[in-house]
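Welcome! Please take a look at the sequence and the structure, and then try a few short exercises on cysteines and aromatic rings.

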Amino acid sequence: MLKIREPAPEFDCTAVVEGDVVQLEWNELHGRQNLVLLFASVDEYDEGPDELRTLSNAVRRFAELQCRLAVICRNDRFDILTWMDRLSSELRPQPVGFPAIIDASGEIASLYDMLSEEGPLWGHVIADGNARIRSYSAHAVPLGFNVDELLRCVESIVAGNDDPAQPC
């Protein structure tokens, strides 16, 4: 079970980065920086990837907080490549700015408690620079995410807010 302030489960993965399928090791992904992992499905963005455009446009703001982003997708390689290519063409000339991790088997989702008996969950996990879980949210329905709220959480972590009475 995932617990706040406990070490984040480490994993190596296959991801789509700038249109290429690559292997990423945990250290490349985390890089001793804060890390936001978003658990999603490309299916929920078929109509319009507004949240992903917003996320991609915010990559620089996350980087200023020494934070990396990754979207973990439960779809297969072909679906994710198609999805990322579409997003990339909508963002041109700006790159997407984050990897889309291929997790069709649900292995990574399982490590992060993003699978239930009824199926996959949507949500996010934020790990700090020491790879400790600092924020965790899981949902049975695709609620999406709010980039400003994720930034606020990361800002609080960067500020060193360890007071359990304070929000994220």
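The exercises below concern a predicted model, and each comes with a worked solution.

**Exercise 1.** Find out how many disulfides the structure holds, and whether Cys13 and Cys67 are buried or exposed.

*Solution.* Start with the bonds: the structure holds 0 disulfides. Next, look at the accessibility, where buried means under 20%. Cys13 has a relative accessibility of 5%, so Cys13 is buried. Cys67 comes to 4%, so Cys67 is buried too.

**Exercise 2.** Classify the ring pair of Phe11 and Tyr112, and say which parts of the chain the pair ties together.

*Solution.* Altogether there are 3 aromatic pairs. In this one, the ring centres are 6.0 Å apart and the planes meet at 90°; angles over 60 degrees count as edge-to-face, so that is the label for Phe11 and Tyr112. Now place the residues: Phe11 lies in the segment before strand 1 (13-17), while Tyr112 is in the loop between helix 5 (107-111) and strand 6 (115-116). The pair therefore ties together parts 101 residues apart in sequence. Finally, check the surroundings: Phe11 is buried at 6% relative accessibility, and Tyr112 is buried at 1%.

**Exercise 3.** Describe how Phe39 pairs with Tyr112, and which cluster they belong to.

*Solution.* The centres of Phe39 and Tyr112 are 5.9 Å apart with 45° between the planes, which makes a tilted pair. Phe39 sits in strand 3 (residues 34-40), 73 residues from Tyr112. Phe39 is buried, with a relative accessible area of 4%. Phe39 and Tyr112 share one aromatic cluster with Phe11 and Trp26.

**Exercise 4.** Which ring does the charged end of Arg74 sit over?

*Solution.* That ring belongs to Trp122, and the charged end of Arg74 is 4.5 Å from its centre.

Conventions:
Residues are numbered from 1 along each chain as its sequence is written. This is a predicted model: local features need pLDDT of at least 70, side-chain atom pairs count only at pLDDT 80 or more; totals for chains, interfaces and linings use all residues. Side-chain values use heavy atoms; hydrogens and water are left out. A disulfide is a pair of cysteine sulfur atoms within 2.5 Å. Buried means under 20% relative accessible area, exposed over 50%, partly exposed in between (1.4 Å probe, protein chains only). Rings of Phe, Tyr and Trp (its six-membered ring) pair if their centres lie within 6.5 Å; planes under 30 degrees apart count as stacked, over 60 as edge-to-face and the rest as tilted. Helices (H or I, at least four residues) and strands (E, at least two) are DSSP runs, numbered from the N terminus. A charge sits over a ring if NZ of Lys or CZ of Arg is within 6 Å of the ring centre and within 35 degrees of the ring normal.
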